Amino acid sequence: MTWTNLTADLPPARVEPDARRRIRQALAEAGRRIAVLDDDPTGSQTVHDVDVVTVFEPDELAAGLSEAGSTCFILTNTRSLPEADAVELSIRIGRLLFELADRLEAPIDVVSRSDSTLRGHVIAEVRGLDAARREVTGRGFDGVLLAPAYFEAGRFTAGDVHWARVGTEVLPVSETEFARDATFGYAASDLREFVASKSGGTIGPGEVASITLEDIRLGGPGRVTEVLGGVTGGGFVVVNAVEYADLEVVVLGLLEAEAAGRCFLCRSGPSLVQALAGLDPRDPLGASDIWAAGRPGGHGLVVVGSHVGLTSRQVAVARDRGGLATVELDVAAVADPARRDGHVAEATRLVVSALEGSDVLLVTSRELRRGRDAAESLEISRRVSAAVTEVVRGALAARPAWVVVKGGITSHDVAVRGLGIRRATVLGQLFPGLVSVFRPVDASPEAVGIPYVVFAGNVGDEATLASVIDRFR
């Protein structure tokens, strides 16, 4: 399928005049805040100048959501957790947010941000947040907007089917490598069928509502409000969208519904967050945006944990360009208790030594080790990530000038356990809608101010990682 064939019969896009300003104004007038529970750190790739917090403390959350209209990302890393633990954490953070809304006497809109290729605890996290809201406020959500779009990475929804651009083709997402994920695999690209499948049969496809592209482009915000008015009991609503103008219409309609007293949770990819906040896009970051006082000396550290095929190809291109000292963490050694500590210590020594003279690539061995089931596969991933963060923590002694981390779960663990980040600012992205740069504000002393680059495993082309490294050099 080609993009042209897929979109040929759609109505023309509806561009609402001054939509982003209208959204920001509505948020400010209502005192609304937006809290984004991000199941890995890569969801901020479409936003800028917002806070990110990694700890679940009332004061930190209040600081991130202190102003009307503010947006704060809360890094939960729940994609790395077993489902029961992910639900428990979602409930815990949900309670804190709904209690904060009560203290502020202002609404907090909650976004459960997840993977644009549908991997994650979709139903379980939504139900956990709904339970938390019922507990604190006595009322659950009227509905759940399912909007996994991430336009910059070629992920969008049309005809209720979620699509992904792979090279020159556009494929139903179930036909991509991401659908074969060891933990979160799936077979349905039609989002109504996807919800039904992930619910274990407790939700039927016919119970899932839809905001179609015809609703959006012909009916406008009023039609969106009408569709949402018919959603009750926490029902799912598929949001079709192929560009930001579609999402802006949806958000304007959502705000009308909320102004009338309705309440919705969003389960989304990265793109909806930009529209929800009414953010204007910004140009890719330059050196002066990252280092206002000029680029310091020293070398950088590149950390790669993701095992998707695209990441492995990106690593190969980066290594072929040269200039990188490579240190490999062997997954088999990390998984062996008898060899683990010695192997990690030696890797740390090699990284610290190599940073004195060159940029360094710390990479896990590329053969993907699967467990006997999804839970064991996840446990292997956690063990490997723990080893990676231990090496990075030791590497801080060499004061890297910048750190690039490839892979969502790895990015979270390195941020929290490797660099000790509690709070950071999202400066923006290195490419349009791709690859965020954080500035650590509250972190380990050696890490404060070091540019921290969060690079999802499943985005970019084969040369993107090499381009990031070249840019920092």
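Me: Lys and Arg count as positive and Asp and Glu as negative, while His and the chain ends are not counted. How far apart are the mean positions of the two kinds of charge in the protein chain?
Reply: The mean positions of the 49 positive and 64 negative charges are 2 Å apart, where the place of a charge is taken as NZ of Lys, CZ of Arg, CG of Asp or CD of Glu. This is a predicted model, in which local features need pLDDT of at least 70 and side-chain atom pairs count only at pLDDT 80 or more, whereas totals for chains, interfaces and linings use all residues. Residues are numbered from 1 along each chain as its sequence is written, and side-chain values use heavy atoms, with hydrogens and water left out.

Me: OK, and how many helices and strands are there?
Reply: The protein chain has 16 helices and 18 strands, which are DSSP runs numbered from the N terminus (helices are H or I with at least four residues, strands are E with at least two).

Me: What share of the residues is buried?
Reply: Of the 473 residues, 59% are buried, meaning under 20% relative accessible area with a 1.4 Å probe, protein chains only.

Me: Which residues touch the most others in the largest nonpolar core?
Reply: Among its 84 residues, they are Ile211, Leu228, Leu329, Val351, Leu362 and Tyr452; such a core joins buried Ala, Val, Leu, Ile, Met, Phe, Trp, Tyr and Cys residues through side-chain atoms within 4.5 Å. Helix H8 (residues 244-259) gives the largest share of this core, nine residues.

Me: And what does Leu362 touch?
Reply: Its contacts (heavy atoms within 4.5 Å) include Leu301, Val327 and Val388, leaving aside residues up to four places away in sequence.

Conventions:
Buried < 20%, exposed > 50% of the residue type's maximum accessible area, 1.4 Å probe, protein only.
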